[in-house]
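Here's a small set of exercises to work through with the model open beside you. Try each task before reading the solution under it.

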Amino acid sequence: MRNPTPHLCTHALEHTLFGLSACDCGEATLEEASQEVERVASDVDTARSLVERREQELAKAMEGLEEARAELAAVETELSEARQSVEEAVSDNELFSAVQSALLEDRDLEAHAIAARVSQRVVTLEGTVPSEDLKARAEKIAGEALGVATVVNQIRVETPPPTEG
């Protein structure tokens with residue numbers, strides 16, 4: 001929330017100056033104006049102190065944010081290295097089993113003959129499905145297996161002939 005003090009200080013100073021210009025500047029009025037100026041100056045000092053304190057708080061918060069960003073980057077790097085290590089350790093046979101199982105577990109794909117071959121972490125899909133959506137779905141599922149470098153999708157789309165009835 002914005003502190004209203006600077007606005008009030010400006011308003012009070014304008015009021016004081018207006019009062020001085022509108023009067024005959026007697027001694028009592030000059031003393032009152034002087035006191036008002038001192039009060040406004042004190043309000044300005046208070047507002048200045050508040051701004052300085054908030055700037056310091058903001059600087060500390062920014063330091064904390066930078067530290068958190070650095071920590072996040074380090075953890076993301078560690079995760080990436082761990083994934084790469086796991087992917088490199090996975091054999092082609094393990095990838096074949098993982099991909100083939102995932103394709104067979106999918107309700108929309110289980111009825112279609114889709115074969116997977118794996119060589120050097122590259123999965124090649126072959127077979128026939130009735131739609132582009134199923135072809136894309138098979139590729140997505142194969143690509144999600146941990147350790148797969150690339151998916152080569154050679155699945156053909158063949159729409160079944162209309163049934164006579």
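The exercises below start with the overall layout and then go into single helices and residues; keep in mind that this is a predicted model.

**Exercise 1: the layout**

Work out how many helices and strands the protein has, and in what pattern they follow each other along the sequence.

*Solution.*
- Start by counting: there are 4 helices and 3 strands.
- Next, read along the sequence, and the pattern comes out as α-α-α-β-β-α-β.
- Now look at burial: of the 165 residues, 19% count as buried.
- For the surface, the accessible area comes to about 12,200 Å², and carbon and sulfur atoms make up 53% of that.
- Finally, take the contacts with a separation of 6 or more: 61% of them are between residues 24 or more positions apart.

**Exercise 2: helix α3**

Check whether the end-to-end distance of α3 fits its number of residues, then find which of its residues are buried and what covers them.

*Solution.*
- Helix α3 runs over residues 92–105, which is 14 residues. At 1.5 Å a residue the helix should span 20 Å, and its end C-alpha atoms are 20 Å apart, so the two agree.
- The buried residues in α3 are L95, V99, Q100 and L103. They take up an arc of only 120 degrees around the axis, so they sit on the same side of α3.
- Turn to the face pointing away from that buried side, and you meet the exposed residues N93 and E105.
- As for the cover over the buried residues of α3, it includes β1 (114–119), β2 (122–129) and α4 (132–143).

**Exercise 3: a polar residue in a strand**

Locate N153, decide whether it is buried or exposed, and list what its side chain meets.

*Solution.*
- First, the address: N153 is in strand β3, residues 150–157.
- Its relative accessible area is 18%. The cut-off for buried is under 20%, so N153 counts as buried.
- Then the polar partners. The N153 side chain makes a polar contact with the side chain of E139, at 3.1 Å.
- A polar atom of the N153 side chain also lies 3.0 Å from the backbone nitrogen of I155.
- Last, set aside the neighbours within four places in sequence: N153 is then in contact with L125, K135 and E139. E139 thus turns up as a contact and as a polar partner.

**Exercise 4: an acidic residue in a loop**

Do the same for D106: where is it, is it buried or exposed, and what does it touch?

*Solution.*
- D106 is in the loop between α3 and β1.
- With 9% relative accessibility, D106 counts as buried.
- A polar atom of its side chain lies 3.0 Å from the backbone nitrogen of D108.
- Leaving out neighbours within four places in sequence, the contacts of D106 are R137 and I141.

**Exercise 5: salt bridges**

Find how many salt bridges the whole structure has, then go through the pairs R48 with D45, E66 with R69 and R156 with E158.

*Solution.*
- As background, side chains of opposite charge can pair when their charged atoms come close.
- A search of the whole structure gives 9 salt bridges.
- Take R48 and D45: their closest N and O atoms are 3.3 Å apart. Both residues lie in helix α2 (residues 27–89), 3 residues apart, or about one turn of the helix. Each one is partly exposed, R48 at 46% relative accessible area and D45 at 45%.
- Move on to E66 and R69, whose side chains meet at 3.1 Å, N to O. These two are 3 residues apart in α2, so about one helical turn separates them. E66 counts as partly exposed at 43% relative accessibility, and so does R69 at 48%.
- Now R156 and E158: the closest N and O atoms are 3.5 Å apart. R156 is partly exposed with a relative accessible area of 46%, and E158 counts as partly exposed at 45% relative accessibility.
- To finish, look for shared partners: salt bridges join E36, R39 and D43 into one network.

Note on methods. Residues are numbered from 1 along each chain as its sequence is written. This is a predicted model: local features need pLDDT of at least 70, side-chain atom pairs count only at pLDDT 80 or more; totals for chains, interfaces and linings use all residues. Side-chain values use heavy atoms; hydrogens and water are left out. The expected span of a helix is 1.5 Å times one less than its number of residues. Buried means under 20% relative accessible area, exposed over 50%, partly exposed in between (1.4 Å probe, protein chains only). The arc is that of the directions from the helix axis to the C-beta atoms. Contact means heavy atoms within 4.5 Å. A polar contact is a pair of N or O atoms within 3.5 Å; within protein, one must be able to donate a hydrogen and the other to accept it, and residues adjacent in sequence count only if both atoms are side-chain atoms. Accessible areas come from the Shrake-Rupley method with a 1.4 Å probe; for residues, only the protein chains shown count as cover. A salt bridge is a side-chain nitrogen of Lys or Arg within 4 Å of a carboxyl oxygen of Asp or Glu.
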